[in-house]
Amino acid sequence: MSDWQFGSAELKPYACMRPRPDSRRFPLPESRQRMPFQRDCDRIVHSHAFRQLMHKTQVFLASTGGQHRTRLTHTIEVARVARSLAIALGLNPDLAEAVALAHDLGHTPFGHVGEVTLAGLMQDHGGFDHNSQAVRIVTQLERSYIEFDGLNLTWETLEGIAKHNGPIKGRVPEILLNYTDSHDLELTTWPSAEAQVAALADDIAYFCHDLQDGLRAGLFHRDEIKELPIIRELYRSISRSHPDADSHRIDQTVLRQVFGEFATDVIKTSSANLDARVSSVEEVRRAGERLVRFSGNCFQRMQVIRSFLDQRMYKAKEVQEQCDRGREAIEVIFRHRSADDHLVRTVADGVAGLTDGAALEECERIKAL
C-alpha cells in the first residue's frame, strides 16, 4: 500500500501513516473502501456511548434547551478542528478525528463536576477518570459485535484516547493497568502527533464555544469580553471594517476569528517544531515533550481567557446550582446501587453511562422511596 494522500498534501514523515501490524486485538480483514482509521471513526460514531453524549452536559445541563452545546456537539466540533489541523500539518486526519471523536466517551453526566464526584466515590475502588473510562468503553463495554467486546479499534486510536494529554506516569488508573497487561499502550511515552492535535483541538473548541454560550446565556456581556486579549483587537478591527453591522453579527464574527487565531498559531508553531525535531512517528513518541502546541504568547493569552471563563461562567451561580443538582444525583444513585451490587466498578460504569435527564429522574425516584 502506498503512502496515503489527503487532498494535494502528502503526509509528513512523522505522520502516523498506517497502523502497526496486528494493531487490532482481533484480526480484521482490510476494507477495500475505507482506511483503518476511517473504520475506527465509523465504529465510534455508531457506538451507544457516542449517542449518549447528546444528552450529557458540556457546561449547561443537556436538558435546559437546545441553544447551548452538549457533550456531543462539543465532540463534533473538536473532531472537525482536529481534522483541519491535521491536514494543515501534514498529519493523518483520520487518526486525529478518531481520537477526537472518542476523547469524551467516558464522561459522566453533568460534565466536570460529575467526573469529580464519581472519582471521589471510587477513590478506594480503583479510581475513575473519563479518559481511562473511554478506553474501557471501546475495549469492553460496547457490545455490538458477535466476535468480541468493545469496538476492536486500532492500537494507535486506543493510544490516543488513553494519553492524548500526555504520558501517564506515577499512579496509573486501574482500568489502564488492567488493559495494558494484555495490550501494551506504552503509557509512559508521548502519543502520536495526531493525538496531540486532538488534545489541542479540544482546548480551542471549548474556549471558543464557551465564550459563545456564556454570552448567549447572559452570564457576561460583550463589553467584558471586549477587554480580553486577542478578542480586543478583533473587535476593533471588525467594528472599523463593518461599522453598520448589528452587534450580534459582530459578536459571532469575532468569536469565529478567535477560533481561527488559535488554530493558525497551533499550525505555525507546531509545523516548525515537528519539522525541526522529528522524522518519524516513533521519534514523536520518544521526543520527551509535547511537539504540537501553542506559542508561548498565545498560551499566555489563552490563560487570561481561561481565568475569565472560570470566574464568570464555570463559577456563576446558575452553573453552580446545576452542578449541585448533578453532584447530588450521582452520589444518591451510586450509593443506592452499591447497596445491591458489590461489583463497584460495574456500578461506576452504569452511573457514568447515564444521561443528565436519566440521572435526575433516577435520583428523584430513589429519594421518594
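# Helix packing and selected residues in a predicted model

At 36% relative accessibility, S247 is classed as partly exposed, because this value lies between the 20% limit for buried and the 50% limit for exposed residues. The model under discussion is a predicted one. S247 belongs to helix α12. Its C-alpha atom is separated by 52 Å from that of D124, a residue 123 positions away along the chain.

**Two helix pairs**

Helix α12, which spans residues 247-277, packs against helix α11, residues 231-241. The angle between these two helices is about 130 degrees, and their axes are 9 Å apart. This angle makes α11 oblique to α12, because it falls between the upper limit of 115 degrees for roughly perpendicular and the limit of 145 degrees above which helices count as roughly antiparallel. The crossing of α11 and α12 is right-handed. On the α11 side, the contact is formed by I231, L234, Y235, I238 and S239. These residues meet I250, D251, T253, V254, Q257, V258 and E261 of α12. Sorted by class, the contact between α11 and α12 comprises 7 nonpolar, 3 polar and 2 charged residues.

A second pair is formed by helix α3 (residues 71-89) and helix α9 (residues 193-216), whose axes come within 8 Å and cross at roughly 130 degrees. Helix α3 is therefore oblique to α9. The crossing of α3 and α9 is right-handed. From α3, the residues H74, E77, V78, V81, A82, L85, A86 and L89 take part. Their partners in α9 are V197, A198, A201, D202, I204, A205, Y206 and H209. By class, the contact of α3 with α9 holds 12 nonpolar, 2 polar and 2 charged residues.

**Helix α5 and its cover**

In helix α5, residues 111-121, the buried positions are G111, V113, G114, E115, T117, L118 and L121. The elements that cover these buried residues include α3, α6 (130-141), α15 (317-340) and α16 (344-352). Helix α3 thus appears both in the contact with α9 and in the cover of α5.

**Positive phi angles in loops**

Most residues other than glycine have a negative phi. Two loop residues in this model depart from that pattern: F110, with phi near 70 degrees, and I230, with phi near 75 degrees. F110 is found in the loop between α4 (93-102) and α5. I230 is placed in the loop between α10 (222-225) and α11. F110 counts as buried at 4% relative accessibility, and I230 is likewise buried, at 7%.

**A buried glutamate in α17**

E362 lies in helix α17, residues 356-367. What partner does the side chain of E362 have in a polar contact? The side chain of E362 makes this contact with the side chain of R337, at 2.8 Å. Apart from neighbours within four places in sequence, E362 is in contact with I333, R337 and L354. With a relative accessible area of 12%, E362 is buried, because the value is under the 20% cut-off.

The relative accessible areas of the individual residues discussed above are collected here.

| Residue | Relative accessible area | Class |
|---|---|---|
| F110 | 4% | buried |
| I230 | 7% | buried |
| E362 | 12% | buried |
| S247 | 36% | partly exposed |

Note on methods. Residues numbered from 1 in each chain as written. Predicted model: local features only at pLDDT ≥ 70, side-chain atom pairs only at ≥ 80, totals over all residues. Heavy atoms only, no water. Axes fitted to C-alpha atoms, helices over the stretch in contact; angles between N-to-C directions. Helix = DSSP H or I, 4+ residues; strand = E, 2+ residues; numbered from the N terminus. Parallel < 35°, antiparallel > 145°, perpendicular 65-115°, else oblique. Left-handed = near helix turned anticlockwise from the far one by under 90°. Contact = heavy atoms within 4.5 Å. Nonpolar A, V, L, I, M, F, W, Y, C, P; charged D, E, K, R; others polar. Buried < 20%, exposed > 50% of the residue type's maximum accessible area, 1.4 Å probe, protein only. Polar contact = N/O pair within 3.5 Å; in protein donor to acceptor, adjacent residues only side chain to side chain.
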